[in-house]
Amino acid sequence: MYAYAVKHLLYTPPEPVPLPPSLPGPSRPPAVVVPSSSRQQPSGSRQEPSSSRQEPSSSRQEPSSSRQQPSSSRQQPSTIIRKRSSSLFNQPSSSKQYPQRELEIDEMSITALANIEVDSSCDKEPAETECDSMEQSWVSRALDILHHTYLVMMDDELTLAPIDPNPRKILDVGTGTGIWAIDMGERYPSAEVIGTDLSPIQPSWVPPNVHFQIDDAESEWTFPKNYFDLIHIRHLSGAIKDWEILYTEAYKHCKPGGWIDIAEYEMDIFSDDGTLPPDCELKKFYTLVSQAADITGREFNSSANLLPVIEKVGFVNAHHTMVRMPLGPWAADKKQKEVGAYLLLSTETGFEAFGIKLFTQVLGMGTEEAGALIGAAQKQANSKKMHVYGKHHLYYAQKPLDAQS
Ligand SMILES: C[S@@+](CC[C@H](N)C(=O)[O-])C[C@H]1O[C@@H](n2cnc3c(N)ncnc32)[C@H](O)[C@@H]1O
């Protein structure tokens, strides 16, 4: 499994992508729709997937912001990014209830990315959904897109850990929108999947074997000891004060022979070909987010160095893989290009959602200054001239079969 994963995650140094020739046609490309929240429909009129939800109506194809307007110099996109939902989550009682969410990508171009419209009911009806605010819906959107980025990167695997094919108990700590937990529940009907989070941003309608709980992962866990076949912890950097305490809890509640799966990324951006000026706003954005997180005592800097902590608390058979994920569809390799396109898409709402509070509340920046920096960073992230990537660290490890506690 590990060899398989490594083979598929091995990084091919990307090369700049030759821009596609302009295609004839209308000056503005049609928008593409990524319905992100069909599974978030709690009840009532939004239960049934209308065909218009899956096939964008012409009115929904209008880009809503100037950022989505391609300049005349931009290329005509040949890309279709479509997320299909065959059905919505139904009441958790009958036999076939859950949508097969599927992302379909034929080809990527940055112009098409600029025209992706994410169809989110949270955006349209914030007062009637579980979204607390527009900001929260931005976070949710970024998290869901990032989840799909990981699926592409990991060849549709949800975990690298070589778990039993029929796991019984799975825990997703800091589950966010619950998208990983829901996908795991669909893939492993034998399992009960529990997602915990401080924020109630999970959808109401989920597979019957998936449950969400409001829980603070930094407090002592209340689950039975030696219980879970798999504990998944993804992207909690910036939220956790002491990894050792967190992983000790995971160890206690993992069953002997069970696995922990961890994914964290470095809050930094890199380039191997000199296309990332060290003083540019994009670099500054990452540096300042990292500095702000340090000030809160919940830093990102450990992401690359978690293996010793995982082993210290008792896990064995520990593995660590670092994956470079391009930001933007600039890589020559098809998969890397796709990963980069999705990662870039996640930043469209992610930069602001994750940056604004840290910049204004922790670093004391004015809203205008913070907004300007985020906007400039976003613009540079979209630049075809910058070939940049982030470093993501994937770990998995096992609780010894003969563990006593
Ligand atoms: C960046 S998101 C990652 C969400 C999810 N793991 C994913 O990969 O899509 C971090 C999540 O951790 C949650 N979180 C932060 N601190 C937490 C804590 N102490 N206990 C539980 N959840 C926490 C946040 O509310 C947020 O939903």
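Me: A residue is buried if 20 or more other C-beta atoms, placed from the backbone, lie within 10 Å of its own, exposed at 12 or fewer, and partly exposed in between. How many of the 29 residues of α10 are buried?
Reply: This is a predicted model, where local features need pLDDT of at least 70 and side-chain atom pairs 80 or more, while totals for chains, interfaces and linings use all residues. Residues are numbered from 1 along each chain as its sequence is written. Helix α10 (DSSP runs, numbered from the N terminus: helices H or I, at least four residues; strands E, at least two) is largely enclosed by the rest of the structure. That's because its buried count is 22 of 29.

Me: What's the distance between the end C-alpha atoms of α10?
Reply: Helix α10 takes in residues 334-362, and just after it G364 has a positive phi of about 75°. At 1.5 Å a residue (times one less than the number of residues), α10 should span 42 Å. The model agrees with that, since the ends are apart by 39 Å.

Me: Now the sheet: which are its edge strands?
Reply: We've got an open sheet of 7 strands with mixed pairing (at least two DSSP bridges per pair). The order runs β7-β6-β5-β8-β9-β11-β10. Pairing on one side only marks the edges, 210-214 and 316-327, which are β7 and β10.

Me: Which residue in β9 stands opposite I233?
Reply: Strands β8 (228-234) and β9 (254-265) run parallel to each other, paired over 6 bridges. Across from I233, in β9, you'll find I262.

Me: Which elements give two or more residues to the shell around the ligand?
Reply: The ligand is surrounded by 17 residues (C-beta within 6 Å). G174, G176, A217, R234 and A239 are the closest. As for elements giving two or more residues, look at 134-153 and 192-197, which are α5 and β6.

Me: Is D156 buried or exposed?
Reply: D156 sits in the loop between α5 and β5 (169-173). Its phi is positive, near 75°, though it isn't a glycine. There are 10 C-beta neighbours inside 10 Å, so D156 counts as exposed.

Me: And where does N317 lie?
Reply: N317 is another non-glycine with a positive phi, about 50°. With 14 C-beta neighbours inside 10 Å, N317 is partly exposed. As for its element, N317 is in strand β10.

Me: What separates the C-alpha atoms of R324 and G390?
Reply: R324 also has its place in β10. R324 is partly exposed, given 19 other C-beta atoms within 10 Å. Along the chain R324 and G390 are 66 residues apart, yet their C-alpha atoms are separated by 5.6 Å.
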